[in-house]
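Hi,

Here is the structure I promised to pass on. Have a look at it first, and then read my notes below.

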Amino acid sequence: MTSLVVAGRLSPANVGLRDAAERLGVRARLLPPDLAARRRHGDVVLGRVDVLPTLDGVEPGLDALQRIEQEGSLVLNRASALRCAHDKLATARALARSGVAQPATAHARPGASPPAIEPPVVVKPRFGSWGREVVRCETRRELRRTLDALERRPWFRRQGALVQSLVPTEGEDLRVLVACGTVVGAIARSAAPGEWRTNVALGARRRPALPSPRARALAIAAAAAVGGDLVGVDLLPVEDGYVVLEVNGCVDFTPEYGIDDDDDVFATALATLLFPGVRELAELAAHSHDEL
């Protein structure tokens, strides 16, 4: 590998990934996806294309990532995986095909009758983030009124919305960071007072978390279902474990996600992505030493 190209916009998480590569001794650049096409031979490209703020699709860049892959370069978070992760309806279908536990989910279309999911439900954009335009409906009347109001939204007229059964969580969830089938970070989130959504953009508090084996296994299965190499998986606690709420293809994360106090989560994620097997060998060696 010559170097790493982080293909995405300038964001704290993307800067953290670029800088972590340098700490690992890997030359790295952060470039928009169209400029990432000018990569050097042997470069690895990490796709970090996000959803649009308008909630009606994905940022430009997927076509560029696809061309890079077709030309023979290694692309992590391929265009196909990002399309699946960013489209919550496609994610739900991929999870269902893989038998991954999730809330009951249906597609609400403009002008159609509301889906036959028993309230309470949550209505959200197919290409949503930051908790924007996410509405909780306690009754079918509320659901119908919400969908009628959404008829004025361009994103709804274009692709409809997702309707999911509400999972009672008392404003708590768990986000697990998965890199190449390995859990490399996690954070627990608590909604702000008077709020039920756990998005940090809406004031939620974050605290360190150590995911259980069951949470790890479910997050890994969800990442595999969409084909993501570096994703965040949002889990909601239920009586017998967890269900997957969504998969974040361009997950924002911070140093707080480190599972151990001294863990550099950005470096851990990149080492797992770029040097397959190295982390597993290190953990096996440490386990063997403990047994001695």
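**What I found**

Thr-169 counts as buried because its relative accessibility is 17% (buried means under 20% relative accessible area, exposed over 50% and partly exposed in between, with a 1.4 Å probe and protein chains only). You'll find Thr-169 in the loop between E8 and E9; helices (H or I, at least four residues) and strands (E, at least two) are DSSP runs, numbered from the N terminus. Setting aside neighbours within four places in sequence, Thr-169 is in contact with Leu-236 and Pro-237, where contact means heavy atoms within 4.5 Å.

Before the rest, some ground rules: this is a predicted model, where local features need pLDDT of at least 70, side-chain atom pairs count only at pLDDT 80 or more, and totals for chains, interfaces and linings use all residues. Residues are numbered from 1 along each chain as its sequence is written, and side-chain values use heavy atoms, with hydrogens and water left out.

**Helix pairs**

Two packed helices are described by the angle between their axes and the distance between the axes. Helix H1 (residues 12–23) and helix H9 (residues 265–274) have axes that come within 8 Å and cross at roughly 70 degrees. That makes H1 roughly perpendicular to H9. Axes here are lines fitted to C-alpha atoms, for helices over the stretch in contact, and angles run from 0 to 180 degrees between N-to-C directions; under 35 degrees counts as roughly parallel, over 145 as roughly antiparallel, 65 to 115 as roughly perpendicular and the rest as oblique.

On the H1 side, Ala-13, Gly-16, Leu-17, Ala-20, Ala-21 and Arg-23 meet Phe-266, Ala-267 and Leu-270 of H9. Sorted by class, this contact has seven nonpolar, one polar and one charged residues (Ala, Val, Leu, Ile, Met, Phe, Trp, Tyr, Cys and Pro count as nonpolar, Asp, Glu, Lys and Arg as charged, and the others, Gly among them, as polar). H9 is mostly covered, with nine of its ten residues buried, including Phe-266, Ala-267 and Leu-270.

The other pair is helix H3 (residues 62–70) with helix H4 (residues 79–86), packed at an angle of about 150 degrees with axes 8 Å apart. H3 and H4 are therefore roughly antiparallel to each other. Leu-62, Asp-63, Leu-65 and Gln-66 of H3 make this contact with Ala-79, Leu-82 and Arg-83 of H4.

**Pocket and cavity**

H4 turns up again in the largest pocket, as one of the elements that supply at least two lining residues each. The pocket holds about 900 Å³ of space. Its lining has 47 residues, and Arg-175, Arg-189, Asn-199, Asp-234 and Glu-246 lie nearest its centre. E13 gives the largest share of that lining, four residues. By class, the lining divides into 20 nonpolar, 13 polar and 14 charged residues.

How many cavities of 30 Å³ or more does a search of the whole structure find? It finds one, with about 50 Å³ of space. H5 gives the most to the cavity lining, four residues, and Glu-246 is also among the lining residues.

For both, the search uses a 1 Å grid over the protein atoms alone: a cavity is a set of points where a 1.4 Å probe fits but cannot get out, a pocket is an open set with protein on both sides within 12 Å along at least five of seven lines, and lining residues have an atom within 4 Å of a point. Grid points are joined across faces, edges and corners, and a volume is the space filled by probe spheres set on the points.

Cheers
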